[in-house]
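Here is a short briefing on one protein structure. Look at the sequence and the 3D view first, then read the points by topic.

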Amino acid sequence: MVSACLLGEACRYDGRSQRSERVLAALEGKAVIPICPEAAAGMGIPRPPVDLAGGTGVDVWAGRARALTRETREDRTAAFQDGAQQALEAARRFDVTVALLKEKSPSCGSQRVYETGVLRPGEGITTALLRADGRTVVSDEDL
């Protein structure tokens with residue numbers, strides 16, 4: 001399973017892709033399931049940027065943190081959780097054991113995420129759910 005933006009799909013919050021030749025080379029010859037939890041949840045492209053508030057993805061699932069738009073502070077937590085659930089369902093359906101996801105994303109970050117505008121250690125909402133289900137999540141920055 002791979003973040004669709006890394007494969008060249010223009011699904012990021014700003015309407016762009018984050019195509020990574022390094023990722024594409026590493027995946028050559030492998031079966032790939034592209035995912036974008038935020039687009040899957042119907043959040044639109046482009047969409048307002050979102051930061052986590054009150055913690056990381058693990059904290060969101062525990063009810064201690066939220067996903068809020070950066071400017072208006074609109075609560076998008078339920079949409080992010082819906083997208084994460086869809087990613088987990090796909091992982092189960094296709095027997096995915098490893099996900100290669102985009103670092104710093106409030107959904108996909110596996111080492112660092114933005115919390116209220118500050119980059120801090122932690123994982124995104126989708127990553128937290130996949131890991132809780134026993135899946136390995138790797139950062140695109142680790143390739």
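Helices and strands here are DSSP runs, with at least four residues for a helix and at least two for a strand, and they are numbered from the N terminus. A pocket's lining residues have an atom within 4 Å of one of its grid points. The model is predicted. The largest pocket holds about 480 Å³ of space, and the second largest has a volume of about 210 Å³.

**The largest pocket**

- The lining of this pocket counts 27 residues.
- Closest to the pocket's centre are Arg12, Tyr13, Lys104, Ser105 and Pro106.
- Three elements each give at least two residues to the lining: helix H2 (37–40), strand S3 (50–53) and strand S6 (112–115).
- By type, the lining has 15 nonpolar, three polar and nine charged residues.

**The second largest pocket**

- Helix H1 (21–27) and strand S5 (98–101) each supply at least two of the lining residues.
- Met1, Val2, Ala26, Leu27, Lys30 and Ala31 are among the residues that line this pocket.
- The lining also includes Val32, Val98, Leu100, Val138 and Leu143.
- What types of residue make up this lining? The split is 10 nonpolar, no polar and one charged.

**Strand S3 and strand S4: Val50 and Ala67**

- Val50 lies in strand S3.
- Val50 counts as buried because its relative accessibility is 11%, and buried means under 20%.
- Beyond its sequence neighbours up to four places away, Val50 touches Ala67, Leu68, Thr69, Arg70, Arg76, Phe80 and Pro106.
- The C-alpha atoms of Val50 and Glu71 are separated by 8.6 Å, and these residues are 21 residues apart along the chain.
- Ala67 sits in strand S4, which spans residues 66–69.
- Is Ala67 buried or exposed? Ala67 is buried, because its relative accessibility is 0%.
- Leaving out residues up to four places away in sequence, Ala67 touches Val50, Asp51, Leu52, Glu74, Asp75, Arg76, Thr77, Phe80 and Ile125.
- Ala67 and Thr77 are 10 residues apart along the chain, yet 4.6 Å separates their C-alpha atoms.

**Helix H5 and Thr126**

- Why is H5 described as largely enclosed by the rest of the structure? Six of its eight residues are buried, so the description fits.
- The buried residues of H5 are Ile125, Thr126, Thr127, Ala128, Leu129 and Leu130.
- Thr126 belongs to this helix, which covers residues 125–132.
- Thr126 has 0% relative accessibility, so it counts as buried.
- Not counting residues up to four places away in sequence, Thr126 touches Pro37, Gly83, Ala84, Ala87 and Ser107.
- Just after H5 comes Gly134, with a positive phi of about 90°.

**Rings and charge**

- A pair of aromatic rings is described by the distance of the centres and the angle of the planes.
- How many aromatic pairs does the structure hold? The number is zero.
- One ring does have a charge over it: the charged end of Arg70 sits over the ring of Tyr114.
- That charged end is 5.8 Å from the centre of the Tyr114 ring.
- Arg70 is also one of the residues that Val50 touches.

Conventions: Residues numbered from 1 in each chain as written. Predicted model: local features only at pLDDT ≥ 70, side-chain atom pairs only at ≥ 80, totals over all residues. Heavy atoms only, no water. 1 Å grid on protein atoms, 1.4 Å probe; cavity = no way out; pocket = protein on both sides within 12 Å on 5 of 7 lines; lining within 4 Å. Points joined across faces, edges and corners; volume = space filled by probe spheres on them. Nonpolar A, V, L, I, M, F, W, Y, C, P; charged D, E, K, R; others polar. Buried < 20%, exposed > 50% of the residue type's maximum accessible area, 1.4 Å probe, protein only. Contact = heavy atoms within 4.5 Å. Phe/Tyr/Trp six-rings, centres within 6.5 Å; stacked < 30°, edge-to-face > 60°. Lys NZ or Arg CZ within 6 Å of the ring centre and 35° of its normal.
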